[in-house]
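Colleague: Please take a close look at the salt bridges in this model. I would value one connected account of where the partners lie and how accessible they are.

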Amino acid sequence: MLAGISSDYYLRLERGRDANPSFQVLTAIARVLRLDDVEEKYLLDFVKPRPRTPLRRRTERVPARLHQLLIAVDVPAFIEGRTYDVLAANALASAFSPRLRPGENRLRSLMLDPEEREFHRDWETATTSFVGAFRKSIDELSGDAHAVELVGELSVASGRFRELWARHDVRELTGGSLVVDHPVVGELRLHRDKLPVEGVVLVLYYADQGSDSHDKLRALASLAEHA
């Protein structure tokens with residue numbers, strides 16, 4: 001009623017019987033459901049016609065200068081691919097978390113590795129954010145065989161992933177703050193920034209200058225140098 005459409009037509013939409021609702025209808029529904037900008041864009045993009053494309057694996061490469069940058073920065077830093085694969089990492093990132101090594105997948109680790117659940121102080125929120133961000137990007141990854149396989153693997157292996165995936169939440173995961181319980185240096189309160197560079201993402205973790213967490217990161221860096 002609030003969107004100005006009949007209950008019968010809304011029911012048809014929910015059941016997928018109308019594949020081409022108008023822009024005006026969708027924006028009215030988004031307004032009534034109080035979707036935010038990210039959710040509304042996802043809704044509108046979701047119904048755009050797209051040609052079917054065969055599944056294929058996409059090769060991701062890290063620009064050479066980013067390898068040099070990883071060596072130069074003195075905070076945990078790594079390069080992330082489209083489906084959260086760790087493509088490259090500096091020594092401090094691997095000391096910060098052994099799951100931040102090339103060949104690991106951050107989403108798989110978060111959902112399936114029991115050490116990740118202990119590592120993240122608020123694991124429930126972390127999983128909600130990650131799956132929501134993955135859901136937001138999945139439309140762009142619809143022809144990516146690796147993304148399809150990852151969804152299938154996690155849907156079978158993780159009840160938490162199945163629950164979150166079924167909710168169709170969409171989130172931006174660009175930056176923020178987090179608290180982790182590191183097995184060596186203890187509690188760390190950090191900021192996270194994600195910077196897109198030529199098709200990959202540079203991720204940085206850092207603490208406030210002069211904070212206890214900053215001192216702990218320096219201690220962790222010293223341990224990594226002598227490991």
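Modeller: Arg 160 is a suitable starting point: the residue is buried, at a relative accessible area of 14% (buried is under 20%, exposed over 50%, and partly exposed in between, with a 1.4 Å probe and protein chains only). The model is predicted, so local features need pLDDT of at least 70 and side-chain atom pairs pLDDT 80 or more, while totals for chains, interfaces and linings use all residues. Residues are numbered from 1 along each chain as its sequence is written, and side-chain values use heavy atoms, without hydrogens and water.

Arg 160 forms a salt bridge with Glu 124, with 3.1 Å between the closest N and O atoms (the criterion is a side-chain nitrogen of Lys or Arg within 4 Å of a carboxyl oxygen of Asp or Glu). This pair links distant parts of the chain, since Arg 160 belongs to helix α10 (residues 159-167) and Glu 124 to helix α8, 36 residues apart (helices are DSSP runs of H or I with at least four residues, strands runs of E with at least two, numbered from the N terminus). Glu 124 is partly exposed, at 39%. Both residues belong to a network of salt bridges that also includes Arg 117 and Glu 163.

Elsewhere, Asp 181 and Arg 121 meet in a salt bridge at 2.6 Å, N to O. Asp 181 lies in strand β3 (residues 175-182) and Arg 121 in the loop between α7 (114-119) and α8 (123-137), so the pair ties together parts 60 residues apart in sequence. Asp 181 is partly exposed at 29%, and Arg 121 is partly exposed at 42%. Over the whole structure, the search finds 15 salt bridges.
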